[in-house]
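The following note sets out comments on the model under review. The points are numbered for ease of reference.

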Amino acid sequence: MSALPKARGPLSTAVFEALRGLPQEDAPALDVSPESPEDAAITLWALYELSYRGFADVDDAAEWHPSLLGLRRRLETELERSLYERWPGVPPEYVGATGDTFAQGLFDYIADHDGASLARYVHSEADREQVLDLLRVRSVYHLKEADATTWVIPRLGVAPKAALLELQYDEYGVGDPNRLHAHLFAKGMEASGLRPEYGAYVDEAPTEILEQNNAMSLFGLHRRLRGAALGHLAAFEATSSLPSRRMAQGLERLGFPPEMIGYYAEHVEADAVHEQLAVRTICGSLIEDEPEVAGDVWFGAFTCLDLEDRTARRILDGWAAA
Ligand SMILES: [Fe+2]
Ligand SMILES: [Fe+2]
């Protein structure tokens, strides 16, 4: 368990102080406004983290503290609003689509989204320091890979639930701790000379990485957004296999250890299966069960692609400027 991250503005400073003071300090004053998107994102990230592994310097009861929940609600409402603002809506030709039309439509939609690609850069151009930078900030997600989606399981009907469990069972190592994806990543970090502990590099994560993680928690923790959570999962899995191959080859080119290459190699095969499962079976059966959440599935898929695009641009611009 790691300690609270560094504050990034007046809101996170006030909230992290209040968190450290609990439970003695009963009603922390949290009427501070975020100074910047970064201040808001790190605060929300830390409040969400209370529902995952928590922090060594924060009382476990903080997770359900009413004033912290109130603040979390304000921050996540703002995040959700900003994500919807970017959403162009379900492509008209796929409104109401189900079955094969839906699945092929979603695959085409994902394939047509032409965003910036970190994997392509790592494949042929990145140097070792750049890849280490990338692994550190990606670790914020990969060290809790699949966890945000697990919140969705009890909220589903029979067919999407069974299919989601099939996918999650793989992510969690098919019963073998040494195959658990988050653990494979930790072993890759360690072998690459990086810190493998959960949350070790949150302080280095740019706003875009924090927002990617916050969006997954937002979708996972709100039953209302189950469609968005599974649409996000579908887009995530469907944009993983080929980029993972590029990452593995780039890491090989740069002489990274087999443990780190192995993490990405595992995803070449696994996610070729997962994308079919996520798009066709999980999302396909969800919208058959609950047609009213179909729009949210598309919204979740768009948000995944859009956030990754913004993250990639931020990181590539940072490298170009260096
Ligand atoms: Fe995975
Ligand atoms: Fe996967």
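Which helix gives the most residues to the lining of the largest cavity? The note first answers this and then turns to the metal site and to one exposed residue.

1. The model is a predicted one. In answer to the opening question, H11 gives the most to the lining of the largest cavity, with a contribution of five residues.

2. The count of cavities of 30 Å³ or more comes to three. The largest cavity has a volume of about 170 Å³. It is lined by 18 residues, and those closest to its centre are Tyr-141, Thr-149, Met-216, His-232 and Leu-233.

3. Several helices share in this lining. Two or more residues each come from helix H7 (147-150), helix H8 (158-171), helix H10 (207-221), helix H11 (226-238) and H13. Sorted by class, the lining of the largest cavity comprises nine nonpolar, five polar and four charged residues.

4. The iron ion (ligand 1) has four coordinating residues: Glu-145 and Glu-171, each through OE, His-181 through ND1, and His-267 through NE2. The distances are 2.0 to 2.2 Å. The angles among the four donor atoms run from 83 to 170 degrees, and the site is irregular. A tetrahedral site would need all angles to lie between 85 and 135 degrees, so the range of 83 to 170 degrees at the iron ion (ligand 1) does not meet that condition.

5. Glu-171 also serves a second metal: this residue bridges the iron ion (ligand 1) and the iron ion (ligand 2). The two ions lie 3.9 Å apart.

6. Along the sequence, the donor residues of the iron ion (ligand 1) follow the spacing E-x25-E-x9-H-x85-H. His-181 belongs to helix H9 (residues 181-191) and His-267 to helix H13 (residues 258-289), so this pair ties together parts that are 86 residues apart in sequence.

7. Are these two histidines buried or exposed? His-181 has a relative accessible area of 0% and is buried. His-267, at 4% relative accessibility, also counts as buried, because the cut-off for that term is under 20%.

8. Ala-322 lies in the segment after helix H14 (294-321). With a relative accessible area of 88%, Ala-322 is exposed. Its C-alpha atom is separated by 33 Å from that of Tyr-84, and the two residues are 238 residues apart along the chain.

Technical notes: Residues numbered from 1 in each chain as written. Chains lettered and ligands numbered in written order. Predicted model: local features only at pLDDT ≥ 70, side-chain atom pairs only at ≥ 80, totals over all residues. Heavy atoms only, no water. Donors = N, O, S within 2.8 Å, 3.2 Å for Na, K, Ca; no water. Tetrahedral: all angles 85-135°; square planar, octahedral: opposite > 155°, others 65-115°. Helix = DSSP H or I, 4+ residues; strand = E, 2+ residues; numbered from the N terminus. Buried < 20%, exposed > 50% of the residue type's maximum accessible area, 1.4 Å probe, protein only. 1 Å grid on protein atoms, 1.4 Å probe; cavity = no way out; pocket = protein on both sides within 12 Å on 5 of 7 lines; lining within 4 Å. Points joined across faces, edges and corners; volume = space filled by probe spheres on them. Nonpolar A, V, L, I, M, F, W, Y, C, P; charged D, E, K, R; others polar.
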